[in-house]
Amino acid sequence: MGYQAEAVELTDEALEFWPSDSDANYLRALTGASLGEPPASSIARLETALASADFRLYRRDDARLMYASLLSRTRRPEEALRFLSGLPASAESLFVETTARLAVGDDSGARAAALSSLRRYPVDPRPLVAWLRSRPRPIRTAADAELVAAGFAAIDDLKEIDGSVLVALAPYAATTEASRFLVREFRATGGASADATLLALELGLLSEDRAVREILSGAYPVSAAHLERLHAALSSDGARGRFFASFAAFEGDIFEDSNGDGLPESTVSYKGG
């Protein structure tokens with residue numbers, strides 16, 4: 001943190017003398033993003049850097065990629081895709097392309113980007129997980145099956161980077177028992193998520209009351225869709241009644257992500273249900 005704060009101070013001083021300098025604006029955007037500054041600040045810096053186009057120490061393409069990533073994260077996916085056009089393929093560019101295409105409803109384009117990423121960068125699970133989580137696919141096309149098969153082929157390497165790939169792939173396993181095995185493995189290694197809890201319930205690995213307790217525990221983010229899925233999975237009026245009683249005492253945040261792109265459109269804070 002100390003080095004980053006010093007870098008910000010030095011870069012700000014340089015920008016006082018040369019406000020349009022591309023390298024200084026790009027460096028300031030990088031340090032600002034790493035310090036958790038609002039994306040709008042970094043976006044403005046990158047716009048200045050790209051408009052000046054006088055890069056000497058850094059690459060213009062790196063600034064374009066960062067700009068596209070921030071545009072995608074701030075719900076401007078169409079613009080993100082325009083800035084990605086013509087950039088050389090990289091792990092980051094293919095991830096940004098996957099998420100941006102999902103956000104504009106281009107499932108086939110997102111699938112192609114995720115498959116390209118798996119082939120080029122078989123230890124990067126991000127595009128695959130983003131595509132798998134974006135929506136349920138009870139009926140798969142041949143192209144869907146190709147990406148899922150590539151994911152299973154790389155699963156041993158992918159899970160070392162992000163264990164949630166086990167849960168993302170579990171619904172597509174060849175048998176119910178294979179699905180159960182993947183969910184058990186994720187949970188046995190300390191993994192926890194709403195998707196894992198719900199799959200464990202649906203696969204018969206958890207009791208209904210245990211699933212309700214986990215979902216409402218506050219241990220991980222929960223969406224409105226997760227609550228709807230939990231309610232639909234409960235088998236009796238009694239179980240649903242206990243769920244409503246538990247939710248009446250719930251305190252925490254519930255987010256809304258209607259298009260499954262991983263970027264919540266809104267968050268509602270509950271206190272006492």
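In this predicted model, Ser223 has Phe255 of strand 2 as its bridge partner, and that pair belongs to a small set of strand pairings described first below. The briefing then turns to the nonpolar cores and, after them, to the surroundings of Ser22.

**The sheet**

- Strand 1, covering residues 222-223, and strand 2, covering residues 251-256, run parallel and are joined by two bridges.
- Strand 2 is also joined to strand 3, which spans residues 266-271, and here the two strands run antiparallel, with six bridges between them.
- Among the pairs that link strand 2 to strand 3, Ile254 has Val268 as its bridge partner, while Glu251 is matched with Lys271.
- Taken together, the three strands form an open sheet in the order 1-2-3, and the pairing within this sheet is mixed.
- Strand 1 and strand 3 each have a single partner strand and stand at the edges, so one side of each is left without a neighbour in the sheet.
- As general background, strands of a sheet pair through backbone hydrogen bonds, in either a parallel or an antiparallel manner.

**The nonpolar cores**

- The largest nonpolar core comprises 49 residues, and those with the most contacts inside it are Leu128, Leu132, Ile215, Leu216, Leu227 and Leu230.
- Helix 13, which runs over residues 194-202, gives the most to this core, contributing six residues.
- Once residues up to four places away in sequence are set aside, Leu230 touches Leu198, Leu201, Ala211, Val212, Ile215 and Phe243.
- Another core, which lies apart from the largest one, has 20 residues, and among them are Ala49, Leu81, Leu87 and Ala100.
- In soluble globular proteins, nonpolar side chains tend to be buried together.

**The surroundings of Ser22**

- Ser22 lies in helix 2, which covers residues 22-34.
- With a relative accessible area of 0%, Ser22 falls under the 20% cut-off and therefore counts as buried.
- A polar atom of the Ser22 side chain lies 2.7 Å from the backbone oxygen of Ala49, and Ala49 is also one of the residues in the core of 20 residues.
- Leaving aside neighbours within four places in sequence, Ser22 is in contact with Ala49, Ser52, Ala53, Asp54 and Phe55.

Technical notes:
Residues numbered from 1 in each chain as written. Predicted model: local features only at pLDDT ≥ 70, side-chain atom pairs only at ≥ 80, totals over all residues. Heavy atoms only, no water. Pairing = 2+ DSSP bridges. Helix = DSSP H or I, 4+ residues; strand = E, 2+ residues; numbered from the N terminus. Buried < 20%, exposed > 50% of the residue type's maximum accessible area, 1.4 Å probe, protein only. Polar contact = N/O pair within 3.5 Å; in protein donor to acceptor, adjacent residues only side chain to side chain. Contact = heavy atoms within 4.5 Å. Core = buried A, V, L, I, M, F, W, Y, C linked by side-chain atoms within 4.5 Å.
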